[in-house]
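Got your viewer open and a selection box ready? Here is a walk through the structure, one selection at a time.

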Amino acid sequence: MTLPHKSAHPIVFFILSLPYGIATGLVQVEFGDLYQKAGVTTAEIALLLGSTLIPNIIKFIWAPLVDTTLSLKKWYVITTILTAAGIFASAMLPVKESSLALLNTITVLTNIAVSFTYMVSTGLAAHDTPHELRGKVGGYSQAGNIGGLGLGGGLGLWLAIEFKSVILSGIVLSVICLATCFALFFVKEPVSTVKTGKAVETIGNLFKDIWLTIKTRFGLLALILCFMPLGTGAISGFFSDLHTFWNASDSTVEIFIGVIGGIITSAGCLVGGWICDRMERQKAYIIFGWINALTVTAMVFSPHTEMLYIIWTSIYAFTLGFCFAAFSAFVFEAIGKGAAGTKYTVFSALSNAPIYMVTILEGWTQTKYGLNWMFNIELLCALLATVLFLISYKGLRIGKLAPVEV
């Protein structure tokens with residue numbers, strides 16, 4: 001008699017998501033700080049930060065490789081080794097302007113490699129997670145990504161400064177990335193429903209699976225939600241620049257927007273995922289988006305003091321974690337199994353559009369109409385998103401449809 005398969009504990013997907021955040025945090029926080037202190041201009045650092053973003057915007061191009069070629073676990077091991085090698089190589093470079101050209105190249109290649117690890121992590125999660133735990137797993141997966149940012153940025157920078165060795169930070173972070181491979185022993189390799197012995201047929205199955213997912217009512221609603229300007233976290237990118245409006249010190253920004261903010265958001269992911277398993281995930285996303293937006297409105301209309309800056313930005317970070325967890329939860333619910341890694345990546349890539357648009361809109365609004373209107377943008381976006389959601393939800397007659405399982 002064959003015993004039923006026991007799903008992996010959600011913490012497995014927390015661990016598997018760590019390299020994705022580590023590779024980003026290393027560049028955005030550690031290198032951003034160190035190279036700035038070395039006299040590199042802000043414009044040049046911006047180009048370096050862009051090297052981490054570009055692969056993640058276009059990663060849907062190579063996403064099909066994960067579901068059509070090697071096994072998911074093999075992809076994870078290979079690309080994690082490449083990610084660790086990239087982190088170590090970038091840490092070996094002297095921290096000076098002349099290193100930037102090579103560092104940008106290494107950063108792009110490293111982020112291409114690590115994009116595969118996250119695709120695999122989400123693919124394994126989609127196959128191994130029962131419907132009732134999709135919210136929890138989504139929360140753990142997002143918390144791992146954000147926790148990785150803290151390791152790559154916070155721990156990496158601390159090691160580099162405390163021990164005056166960028167190389168040491170690179171070694172430690174590389175070892176942590178490689179160690180995540182051991183989590184693969186606790187999750188089952190799924191049987192592919194896409195791959196066949198013929199490449200053309202396999203590719204055909206892949207795109208058929210994507211199309212069948214998008215055309216379902218759950219899939220179409222998830223697609224609509226991805227484009228909604230809700231729970232984007234866009235304004236958090238301005239918190240450090242606007243801290244003087246609340247008389248907050250630079251050290252407060254470094255601690256509460258940087259290190260502690262990441263921890264708070266990770267905690268929010270875990271709590272938000274738990275809540276998502278106890279209600280309709282799409283509705284949870286709308287509710288969480290409203291809570292997040294109302295926090296911003298309360299922040300701008302409350303007294304502008306350093307203490308309230310700490311309190312409101314911390315609440316925002318916590319509720320943003322709710323939004324991240326709900327996003328993963330409703331996407332996992334929509335994509336089912338099959339070419340799960342590719343499908344999750346497609347939805348994830350599309351969700352960057354509203355983040356970009358809201359960020360540009362908020363920056364323009366602050367310049368044109370001032371701080372109050374800027375902070376109210378997220379509330380107006382929440383109102384627009386809610387109207388669109390209610391129309392879509394009713395029009396698609398989601399109601400009590402059975403969740404996608406295959």
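Contact, throughout this tour, means heavy atoms within 4.5 Å. Keep in mind as you click around that this is a predicted model.

**Stop 1: S314**

Start by selecting S314, which sits in helix α13. Which residues does S314 touch once its neighbours within four places in sequence are left aside? Show F256 and I264, and you have the contacts of S314 under that rule. S314 has a relative accessible area of 14%, and the cut-off for buried is under 20%, so S314 is buried. For a sense of scale, add V114 to the selection: S314 and V114 are 200 residues apart in sequence, and their C-alpha atoms are 29 Å apart in space. Keep V114 in mind, since it comes up again in the helix pair below.

**Stop 2: just before α13**

Step back to S302, in the loop between α12 (residues 281-301) and α13. S302 is buried too, at a relative accessible area of 15%. Skipping neighbours within four places in sequence, S302 is in contact with L308 and W312.

**Stop 3: α2 against α6**

Now select residues 18-37 for helix α2 and residues 100-128 for helix α6. A pair of packed helices is described by the angle between their axes and the distance between the axes. Here the axes come within 8 Å and cross at roughly 160°. An angle over 145 degrees counts as roughly antiparallel, so α2 is roughly antiparallel to α6.

To light up the contact, colour these two sets:

- from α2: P19, Y20, A23, T24, V27, F31 and Y35
- from α6: L100, L103, T107, T110, N111, V114, S115, T117 and Y118

How many nonpolar, polar and charged residues does that contact have? Colour by class and you get 10 nonpolar, six polar and no charged residues.

Zoom in on T24, one of the α2 residues in this contact. T24 counts as buried, with 12% relative accessibility. Beyond its neighbours within four places in sequence, T24 is in contact with N111 and L149; N111 is part of the α6 side you just coloured.

**Stop 4: the nonpolar cores**

In soluble globular proteins, nonpolar side chains tend to be buried together. In this model, the largest nonpolar core has 58 residues, and the members that touch the most others are F13, L16, L124, L225, F330 and I335. Which helix gives the largest share of this core? Helix α13 (residues 306-335) does, with 10 residues.

Select F13 and expand. Its contacts, again without neighbours within four places in sequence, are A8, S121, L124, A125, D128, T129, V137, S141 and V187. Then look elsewhere for another core, apart from the largest one: this other core has 22 residues, including A84, L100, A160 and L173. L100 also belongs to the α6 side of the contact with α2.

**Stop 5: α10 and its cover**

Select α10 (217-226). Is α10 mostly covered or mostly open? Mostly covered: seven of its 10 residues are buried. Those are F218, G219, L221, A222, L223, L225 and C226. Among the elements covering them are α9 (199-215), α12, α13, α14 (340-350), α15 (352-369) and α16 (371-396). L225 is also one of the residues with the most partners in the largest nonpolar core.

**Stop 6: the cysteines**

How many disulfides does a search of the whole structure find? Zero. Pick C177 to see why: the closest cysteine sulfur, in C181, is 8.9 Å from the sulfur of C177, too far for a bond. C177 is buried, at a relative accessible area of 0%. C276 is in no disulfide either, with the nearest cysteine sulfur, that of C323, 9.5 Å away. C276 also counts as buried, at 0% relative accessibility.

**Stop 7: two unusual backbone angles**

Most residues other than glycine have a negative phi. Select K164, which is not a glycine yet has a positive phi of about 50°. K164 lies in the loop between α7 (134-162) and α8 (166-179), and counts as exposed at 75% relative accessibility.

Finish with N247, also not a glycine, where phi is positive at about 55°. You'll find N247 in the loop between α10 and α11 (250-276). N247 counts as exposed, at 58% relative accessibility.

Notes
Residues are numbered from 1 along each chain as its sequence is written. This is a predicted model: local features need pLDDT of at least 70, side-chain atom pairs count only at pLDDT 80 or more; totals for chains, interfaces and linings use all residues. Side-chain values use heavy atoms; hydrogens and water are left out. Axes are lines fitted to C-alpha atoms, for helices over the stretch in contact, and angles run from 0 to 180 degrees between N-to-C directions. Helices (H or I, at least four residues) and strands (E, at least two) are DSSP runs, numbered from the N terminus. Angles under 35 degrees count as roughly parallel, over 145 as roughly antiparallel, 65 to 115 as roughly perpendicular and the rest as oblique. Ala, Val, Leu, Ile, Met, Phe, Trp, Tyr, Cys and Pro count as nonpolar, Asp, Glu, Lys and Arg as charged, and the others, Gly among them, as polar. A nonpolar core is a set of buried Ala, Val, Leu, Ile, Met, Phe, Trp, Tyr and Cys residues joined through side-chain atoms within 4.5 Å. Buried means under 20% relative accessible area, exposed over 50%, partly exposed in between (1.4 Å probe, protein chains only). A disulfide is a pair of cysteine sulfur atoms within 2.5 Å.
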